[in-house]
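Student: Could we take a close look at one part of this model together? I would like to start at one end of a helix and work outward from there.

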Amino acid sequence: MSLSGLGDTGKAQPPPALFPAPESDTPTPGRRRGGAPQNRPSQDGSVQQADDAGRQLVFFGADAAEPTVADLAGLLAGPGEVVRMGGTARLSVQVDAAWRVHVLVAELASRGLAASWEPTEGARHAVRTSYTRVLKPLAAAWLHGTTKRPPAAFHLTGRRLRLWLAAAGTPEPPDCFLLRLGADDQECWEPIGVALASAGLAGTLLGPGEGGPAYRIAGRRRLARLAELVGGPPTATPADAWPT
């Protein structure tokens, strides 16, 4: 039975109660810090960066821009899924811990998207948006028929990495972090690895028989880079679950 989350018309059901519901730690969409124009998602699902003195920033930390719908490409880089229905689309992702539900529901709400969640097998939770036209460009960019594949110009920003980490990032002591991939998304794995390398996070691809599919980001230098890009941990996050 589906348990409604933010934006449903029925009685709201809070996220699983292993952690208190966090306050959103992401700014309200609409304006960049300092009054600069907000980045806007293009039709191919990528972000068109506001021009800053004639320069275009390709990679930036999670705090460098306001949240946009295009950031949700970070969930699709991991195990997230998007499906189309008519002129609308819905994004969903299965997660393995209650704190991830809290964080993702807040992140989706900060982008104006209603979210719901429900428990699934193996103590997991499915988080999903409603069907909405807002997600249609993202679905058009990532779906080839029913196959998920990154668009040719795909790159990873701090906010995209933050969402991927919140949904499917796992620490592997002492100096590694796993960014998990979709088990059935083999066509995504290689281009996602290229995007990671371009962001300074070259990782090792682990296959299903090696504890994956996932990219292992290893070494203190790369973990410091990851921490720099994704920003501080959201409120509900366990202390050892986020790179520092």
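Which residue follows α6, and is its phi positive or negative?

Tutor: Happy to help, and please keep in mind that this is a predicted model. The residue you are after is Gly231: it follows α6, and its phi is positive, near 80°.

Let's step back into the helix itself. Helix α6 covers residues 220-230, and its buried residues are Leu223, Leu226, Ala227, Leu229 and Val230. These residues lie on the same side of α6, because they cover an arc of only 165° around the axis. Turn to the other side of α6 and you find Arg220, Arg221 and Glu228, which are exposed. What do the buried residues of α6 pack against? Their partners are α4, β10 and β12.

Look next at Arg220, one of the exposed residues of α6. Its relative accessibility is 66%, and exposed means over 50%, so Arg220 counts as exposed. Arg220 also forms a salt bridge with Asp175, with 3.6 Å between the closest N and O atoms. This pair links distant parts of the chain, since Arg220 sits in helix α6 while Asp175 belongs to the loop between β9 and β10, 45 residues apart. Asp175 has 25% relative accessibility and counts as partly exposed.

Two of the partners of α6, β10 and β12, lead us into a sheet. Four strands make up this open sheet, in the order β9-β10-β12-β11, with antiparallel pairing. Its edge strands are β9 (169-172) and β11 (204-206), each of which pairs on one side only. From one strand to the next, the twist averages 30°. Now find β10 (residues 176-180) and β12 (residues 214-218): five bridges join them in the antiparallel sense. If you want a place to put your finger, Leu179 stands opposite Tyr215 in β12.

Other helices meet this sheet too. Helix α5 (residues 186-198) packs on the sheet and touches β10, β11 and β12, and its direction makes about 20° with that of β12. Helix α4 (residues 158-168) lies across β9 and β10, running at about 90° to β10. Remember that α4 is also among the elements that the buried residues of α6 pack against.

From α5 we can follow another salt bridge. Glu187 pairs with Arg149, and their closest N and O atoms are 2.8 Å apart. Here again the pair links distant parts of the chain: Glu187 is in helix α5, whereas Arg149 is in the loop between β8 (147-148) and α4, 38 residues apart. Arg149, at 30% relative accessibility, counts as partly exposed. Glu187 is partly exposed as well, with a relative accessible area of 42%.

Finally, α4 and β9 bring us to one more helix, α2, as both are among the elements that cover its buried residues. The cover also includes α1 (73-77), β4 (88-95), β5 (115-120) and β6 (124-129). Helix α2 (residues 98-110) has 13 residues and reaches 19 Å from its first C-alpha to its last, close to the 18 Å expected at 1.5 Å a residue. How many of the 13 residues of α2 are buried? The count is 12, so α2 is largely enclosed by the rest of the structure. Among these buried residues are Trp99, Arg100, His102 and Glu107.

Arg100 deserves a second look. Buried means under 20% relative accessible area, and Arg100 has 5% relative accessibility, so it counts as buried. Its side chain meets that of Asp96 in a salt bridge (2.7 Å, N to O). Asp96, at 41% relative accessibility, counts as partly exposed.

We began with a residue that follows a helix, and α2 offers another such spot. Gly112 follows α2, and its phi is positive, near 75°. Just as with α6, then, the residue named after the helix is a glycine with a positive phi: Gly231 after α6 and Gly112 after α2. In the loop between α2 and β5 you will also find Ala114, which is partly exposed, with a relative accessible area of 23%. The C-alpha atoms of Ala114 and Thr129 are separated by 5.7 Å, although these residues are 15 residues apart along the chain.

Terms used:
Residues numbered from 1 in each chain as written. Predicted model: local features only at pLDDT ≥ 70, side-chain atom pairs only at ≥ 80, totals over all residues. Heavy atoms only, no water. Pairing = 2+ DSSP bridges. Axes fitted to C-alpha atoms, helices over the stretch in contact; angles between N-to-C directions. Contact = heavy atoms within 4.5 Å. Expected span 1.5 Å × (residues − 1). Buried < 20%, exposed > 50% of the residue type's maximum accessible area, 1.4 Å probe, protein only. Arc of directions from axis to C-beta. Salt bridge = Lys/Arg side-chain N within 4 Å of Asp/Glu carboxyl O.
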